[in-house]
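Subject: A structure for you to explore

Hello! Here is the structure I promised to pass on to you. Please open it and keep it beside this email while you read.

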Amino acid sequence: MATRGLVLYLLSSFSVAVLSVLFISHQYDYYSPQIRLSNSLGSNLSHFSTADKTWPELKFGWRLVLATVIGFLGSACGTVGGVGGGGIFVPMLTLIVGFDTKSAAALSKCMIMGASASSVWYNLRVPHPTKEVPIIDYDLALLFQPMLMLGITLGVALSVVFPYWLITVLIIILFLGTSSRSCFKGAEMWKEETILKKEYARQQEATVNSRGELLIDAQYESLLPREEKSMMQILIFNLRWERVLVLVALWVLFLLLQILKNDVTACSTWYWVLFCLQFPIAFGVFGYESVKLCKEYKKRMSTGNTESICEASIAWTPIHIAFCALCGILGGTVGGLLGSGGGFVLGPLLLEIGVIPQVASATATFVMTFSASLSVVEFYLLKRFPIPYAIYLTSVSILAGFWGQFLVRRVVTILKRASIIVFILSSVIFASAITMGVIGIKMSIQMISNHEFMGFLDFCNSQ
């Protein structure tokens with residue numbers, strides 16, 4: 001019921017926000033079409049223009065120190081929660097360092113890529129906490145990655161059409177909804193962990209009498225020694241090269257389409273052909289994985305086997321698979337609008353379908369590594385960010401991603417509370433809602449005071 005409530009909240013809120021654009025745009029009908037087009041292209045989406053670049057010089061100072069601290073903490077917490085942290089990086093780079101929003105979004109992708117890659121490297125050397133399976137769920141990665149990449153493409157296209165105030169409203173609605181749901185999920189897990197810890201303590205007390213003597217029915221460890229795997233053995237076990245190669249092939253195909261699409265005239269025939277080619281590629285990989293999960297689920301149900309196919313504990317029916325596709329596209333769209341890796345939806349979604357926090361974090365960062373690196377390569381070819389800043393901030397994020405995973409995993413192991421990861425995820429999303437909301441509201445008020453056009457823009461003329 002909680003999931004349905006969240007979906008209903010998002011759909012109704014998004015519908016009201018989008019429909020309100022039509023009402024607000026009527027308030028500006030007294031402008032001539034030429035003035036409206038000029039305002040919309042010159043002011044409303046100035047951060048999507050490639051001509052107005054603001055690239056501060058990389059030099060030591062309080063701005064760089066503060067950006068380093070915020071970037072380190074944001075990367076550490078963002079990768080642990082599996083959300084990346086783009087909602088923190090973009091405001092930090094624009095308000096503190098002084099980049100224009102377009103360049104800040106590109107640098108944000110560099111930071112997400114660095115933090116995600118280091119987190120993946122750390123997670124590959126960590127065993128699954130409860131099962132003899134890889135800590136990264138490759139089935140879920142293959143299911144969500146195509147939809148995430150497709151959603152990022154749609155998000156970039158919508159960012160050209162949507163007015164800035166609408167993007168701000170949609171982001172606030174989404175982030176408040178997912179952060180609230182994640183917080184409730186963390187609270188539920190905390191209560192369950194408390195009950196388990198009390199039960200474990202009661203069992204421990206039951207093995208010793210009042211005089212401290214060991215009782216006869218005490219539980220003993222198995223006489224057979226548990227096999228301890230080396231770090232290299234865990235790394236090899238966690239890697240599934242066939243699945244990784246499929247994801248790499250998908251990554252290469254999307255990159256080639258993006259490069260070719262950027263070299264043709266916007267809205268030309270070849271532009272739309274290349275744009276539409278992304279759909280069969282994405283749905284082909286998604287459909288193959290969906291059919292596989294459905295067949296395996298039906299096979300297990302027919303034999304009475306109730307064990308989950310992958311880490312998700314849901315029934316793999318067509319309705320649930322369609323829901324996963326919708327959420328994957330939504331996560332990618334938010335990533336395209338915001339300049340993040342799409343983890344703001346994927347992280348909470350994995351928890352919602354029953355994936356334990358450790359695996360959800362590892363899988364989400366694994367998926368974000370592909371989506372963020374795709375954007376980084378494209379931005380590099382388009383010369384959207386300064387190389388010195390990109391190298392520096394990526395290096396900071398690499399260190400933060402590794403140490404964030406290391407410290408939080410240690411805390412989870414010591415306290416035996418995986419819900420800490422969920423609370424970190426919820427906190428990062430909520431902080432992103434505040435930072436992005438403040439900036440968006442400030443810019444929207446400025447646009448209103450300047451009497452700028454507040455409706456939908458023309459896609460082809462806005463390129």
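Below is what was found in it, starting with how to read the values.

This is a predicted model, so local features need pLDDT of at least 70 and side-chain atom pairs count only at pLDDT 80 or more, while totals for chains, interfaces and linings use all residues. Residues are numbered from 1 along each chain as its sequence is written, and side-chain values use heavy atoms, with hydrogens and water left out.

**Salt bridges**

The structure has four salt bridges; the term means a side-chain nitrogen of Lys or Arg within 4 Å of a carboxyl oxygen of Asp or Glu. In one of them, arginine 243 pairs with aspartate 139 at 2.8 Å, N to O. Arginine 243 belongs to helix H9 (residues 241-262) and aspartate 139 to helix H6 (residues 138-161), so this pair ties together parts that are 104 residues apart in sequence. (Helices are DSSP runs of H or I with at least four residues, numbered from the N terminus.)

Aspartate 139 also meets lysine 292 in a salt bridge of 3.4 Å, N to O. Here the link is between helix H6 and helix H10 (residues 269-302), with the two residues 153 apart. Asp139, Arg243 and Lys292 are thus linked in a network of salt bridges.

How covered are these residues? Aspartate 139 is buried, with a relative accessible area of 13%, whereas arginine 243 is partly exposed at 22% and lysine 292 is partly exposed at 33%. Buried means under 20% relative accessible area, exposed over 50%, and partly exposed in between, using a 1.4 Å probe and protein chains only.

**Around arginine 417**

Arginine 417 sits in the loop between H14 and helix H15 (419-449). Its salt bridge partner is glutamate 193, with the closest N and O atoms 3.8 Å apart. Glutamate 193 lies in helix H7 (residues 164-206), 224 residues away in sequence from arginine 417. Both arginine 417 and glutamate 193 are buried. The side chain of arginine 417 also makes a polar contact of 3.1 Å with that of threonine 194; such a contact is a pair of N or O atoms within 3.5 Å, where within protein one must be able to donate a hydrogen and the other to accept it, and residues adjacent in sequence count only if both atoms are side-chain atoms.

**Helix H5**

Finally, have a look at H5, which is mostly covered: 19 of its 23 residues are buried.

Enjoy exploring!
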